[in-house]
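Trainee: Could we go through the aromatic rings of this protein together? I would like to see how each label is earned.

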Amino acid sequence: MRRWPEKHIPYFVVLEGVTSSQGCFFCSLEQSVVEKYFEELLYEHVNDPGIRKALRASAVYCSKHAQQLLRRGDSFGTSILYADQMRGFLEVFDGLTKASMKSRAKAARNWIEHDGCPACAAQKDARQRYIEVFIEWFHEEEMQNSFRDSNGLVCLSHFLAVLGAFTDRHQADLFREITKTKCMELLTQMQEFQRKANWMHCREEVGKERDSWIRAVEFFAGGKGVFE
């Protein structure tokens, strides 16, 4: 008889995400990890020489996560981090202007693609970890029923990632069928929203279909700031 491992903190984190999220719980979990990353950085590590050196070497953050950093409104901590970046950029500025067109094009491409963003690394690590936990415990009724009864719908990107990571065919089929049912329910809600938008039914009370169109966009695009 197969012995399942003991439940650990990530299990309860994922379970709470499944039961409480109104959208894709994987998106919500990733966003929470990035928020915690910036919170710890700004409040505990902004003056750590080792961390600042690593950030300088990585060219700091991609556009998505730089905007997330700005939304935190920590002007002093952000100025410390980006003063390091500006000093580093000025050190190589003359070299960039004297470089060949090919070298400049490569530098531009590397900067735009920004593979070294530390917040992206934290987010990708969280994505892999939470997907593994979800799959590891999907055999349990508690996880299955919580997912089936949840208000959220896993976004398309996370759905494909989870589906591709399953090794148990039966569990993968169950995950797919639950998701299909949720997609059909969302479609029905959008159709009801459209019906009530017609002048002949506009006096009818709008229920849970009110934000169905928003949830449909998030299904295909993911949660705000997760994949953009």
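Mentor: Happily; we will take the ring pairs and then the charges over rings. This is a predicted model, so to speak of local features we need pLDDT of at least 70, side-chain atom pairs count only at pLDDT 80 or more, and totals for chains, interfaces and linings use all residues. Residues are numbered from 1 along each chain as its sequence is written, and side-chain values use heavy atoms, with hydrogens and water left out.

Trainee: Why is the pair of Tyr-37 and Tyr-61 called edge-to-face?

Mentor: Rings of Phe, Tyr and Trp (its six-membered ring) pair if their centres lie within 6.5 Å; planes under 30 degrees apart count as stacked, over 60 as edge-to-face and the rest as tilted. Here the centres are 6.2 Å apart and the planes stand at 75°, so the pair is edge-to-face.

Trainee: What makes Tyr-61 buried?

Mentor: Buried means under 20% relative accessible area (exposed is over 50%, partly exposed in between; 1.4 Å probe, protein chains only). Tyr-61 has 5%, so the residue is buried.

Trainee: How do you know that Phe-138 and Phe-166 form an aromatic pair?

Mentor: Their rings are 5.7 Å centre to centre, and with 65° between the planes the pair is edge-to-face. Both Phe-138 and Phe-166 are buried, and they belong to one aromatic cluster whose members include Phe-134 and Phe-147.

Trainee: What makes the charged end of Lys-182 sit over the ring of Phe-147?

Mentor: The rule asks for NZ of Lys or CZ of Arg within 6 Å of the ring centre and within 35 degrees of the ring normal. The charged end of Lys-182 sits over the Phe-147 ring, 5.9 Å from its centre. Likewise, the charged end of Arg-129 lies over the ring of Tyr-130, 5.0 Å from its centre.
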